[in-house]
Amino acid sequence: PMLPGSRPAIDVFLAMVPDNVVRAAAEGDMLAVIVFSLFFGAALSVTDTDGTKLLRRGLEGLLEVVTKLVEWTLHLLP
């Protein structure tokens with residue numbers, strides 16, 4: 001039996017899935033962004049097409065650039 005005022009687990013889960021991930025990020029709703037990212041990563045990992053291979057390469061390139069920026073930042077800090 002459910003407690004008064006409680007919501008079914010599926011409703012709680014669906015409340016974590018953003019209807020617009022860009023808006024969720026802009027509003028600081030990090031849980032929604034994390035949930036979206038998990039689903040996006042899972043779908044990307046099981047989809048093997050030319051487009052997803054290109055997307056993976058692009059994301060790897062982005063990671064390399066961000067890593068370099070972090071390295072530079074750490075070297076500039078006292």
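Lys68 and Glu71 both belong to helix α4, where they are separated by three residues, or about one turn of the helix. An α-helix has 3.6 residues a turn, so residues three or four places apart point the same way. In this predicted model, the side chains of Lys68 and Glu71 form a salt bridge, in which the closest N and O atoms are 3.1 Å apart. Lys68 is partly exposed, with a relative accessible area of 38%, and Glu71 is likewise partly exposed, at 34%.

When the whole structure is searched, three salt bridges are found. Besides the pair within α4, a salt bridge joins Asp48 and Lys53, with 3.9 Å between the closest N and O atoms, a value that falls within the 4 Å cut-off used to assign such a bridge. Here the acidic partner, Asp48, is exposed, with a relative accessible area of 59%, whereas Lys53 is partly exposed, with a relative accessible area of 41%. A further salt bridge brings together the side chains of Arg23 and Asp19, at a distance of 3.6 Å from N to O. Arg23 counts as partly exposed because its relative accessibility is 40%, which lies between the limits of 20% for buried and 50% for exposed residues. Asp19, by contrast, has a relative accessible area of 70% and is therefore exposed.

Attention now turns to helix α3. Helix α3 comprises the 17 residues 30-46 and extends 24 Å from its first C-alpha to its last, which is close to the 24 Å expected at 1.5 Å a residue. Its buried residues are Ala32, Val33, Val35 and Leu44. These residues lie on the same side of α3, because the arc that they cover around the axis is only 165°. The packing partners of the buried residues of α3 are three other helices, namely α1 (9-16), α2 (21-26) and α4 (50-76). On the face of α3 that is turned away from this buried side, the exposed residues Leu38, Ser45 and Val46 are found.

Helix α4 thus appears in both parts of this description, since α4 contains the salt-bridged residues Lys68 and Glu71 and is also among the helices against which the buried residues of α3 pack.

Methods: Residues numbered from 1 in each chain as written. Predicted model: local features only at pLDDT ≥ 70, side-chain atom pairs only at ≥ 80, totals over all residues. Heavy atoms only, no water. Helix = DSSP H or I, 4+ residues; strand = E, 2+ residues; numbered from the N terminus. Expected span 1.5 Å × (residues − 1). Buried < 20%, exposed > 50% of the residue type's maximum accessible area, 1.4 Å probe, protein only. Arc of directions from axis to C-beta. Contact = heavy atoms within 4.5 Å.
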